[in-house]
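Here is a short walk through one protein model. Keep the sequence and the 3D view open as you read.

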Amino acid sequence: MSLYQRLGQEAGIGTAVDDFYVRVVGDPQLAPYFDGVDLPRLRRHQTALLVQVTGGPVEYSGRDLAEGHSGLDITPSAFDRVVAHLVATLTDLGVPAEDIAAVGEALTAHRDDIVTAAEPAA
């Protein structure tokens, strides 16, 4: 059984994406990254991307991760907060730890495409 199937296929992944963005947009440290963003569109793109990378039938046709995150000045700590929200979302949905680790591994493999800024000086 593929990771896509274990995550509940497109419906399960869509639910996870919706829950995830509620958390992320509700996080005062991350919310500014989403000012002016078309969240329904972003959720659709994120769902399609996750369906594809987990072995599902949807072909993602959006921008690549580096292009999509270019100019957002995402810091390492912001990336880590996003990953923490994703882990919490998947945990709350009852996803097994090994599947959460697989999703986290896939995301971490693209860290350099997403993190484009240094931490601000203290």
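Six helices share the work in the largest pocket: α2 (9-25), α3 (39-53), α4 (65-69), α5, α6 and α7 (111-114) each supply at least two residues of its lining. Bear in mind that this is a predicted model. The largest pocket holds about 1100 Å³ of space. Its lining counts 36 residues, and the closest to its centre are Y21, L42, Q46, L65 and H69. Which helix gives the most to this lining? It is α3, with 7 residues. By class, the lining of the largest pocket splits into 25 nonpolar, 6 polar and 5 charged residues.

Now look at how the helices meet. Start with α2 and α3. Their axes lie 9 Å apart, and the two helices pack at an angle of about 130 degrees. Angles over 145 degrees count as roughly antiparallel, and 65 to 115 as roughly perpendicular. The angle here falls in neither range, so α2 is oblique to α3. The crossing of these two helices is right-handed. On the α2 side, the contact is made by E10, I13, G14, V17, D18, Y21, V22 and V25. On the α3 side, the partners are L39, L42, R43, Q46, T47, L50 and V51. Three of these names bring us back to the pocket: Y21, L42 and Q46 are among the residues closest to its centre. Sorted by class, the contact of α2 with α3 has 9 nonpolar, 3 polar and 3 charged residues.

Helix α2 also meets α5. Here the axes come within 9 Å and cross at roughly 135 degrees. That makes α2 oblique to α5 as well. The crossing is again right-handed. From α2, the contact takes in A16, D19, F20, R23 and V24. From α5 come V82, H85, L86, A88, T89, L90 and D92. What classes of residue make up this contact? There are 7 nonpolar, 2 polar and 3 charged residues.

Follow α5 to its other partner here, α6. These two helices pack at about 155 degrees, with their axes 10 Å apart. An angle over 145 degrees counts as roughly antiparallel. That is why α5 is roughly antiparallel to α6. The helix α5 passes α6 in a right-handed crossing. The α5 residues in contact are F79, V83, L86, V87, L90 and T91. They meet I100, V103, L107 and T108 of α6. Note L86 and L90: both residues also belong to the contact of α5 with α2. By class, the contact of α5 with α6 has 8 nonpolar residues, 2 polar and no charged ones.

One last feature remains, and it involves α5 and α6 too. How many cavities of 30 Å³ or more does a search of the whole structure find? The search finds 1. Its volume is about 30 Å³. Lining this cavity are V83, L86, V87, L90, I100, V103 and G104. The elements that give two or more residues to the lining are α5 (76-92) and α6 (97-108). Helix α5 gives the most, with 4 residues. By class, the cavity lining has 6 nonpolar residues, 1 polar residue and no charged ones. Compare the names with the helix contact: V83, L86, V87 and L90 of α5 appear there, and so do I100 and V103 of α6.

To retrace the route, begin at the pocket, where α3 gives the most residues. Move to α2, which is oblique to α3 and oblique to α5. Finish at α5 and α6, whose residues line the cavity.

Methods
Residues numbered from 1 in each chain as written. Predicted model: local features only at pLDDT ≥ 70, side-chain atom pairs only at ≥ 80, totals over all residues. Heavy atoms only, no water. 1 Å grid on protein atoms, 1.4 Å probe; cavity = no way out; pocket = protein on both sides within 12 Å on 5 of 7 lines; lining within 4 Å. Points joined across faces, edges and corners; volume = space filled by probe spheres on them. Nonpolar A, V, L, I, M, F, W, Y, C, P; charged D, E, K, R; others polar. Axes fitted to C-alpha atoms, helices over the stretch in contact; angles between N-to-C directions. Parallel < 35°, antiparallel > 145°, perpendicular 65-115°, else oblique. Left-handed = near helix turned anticlockwise from the far one by under 90°. Contact = heavy atoms within 4.5 Å.
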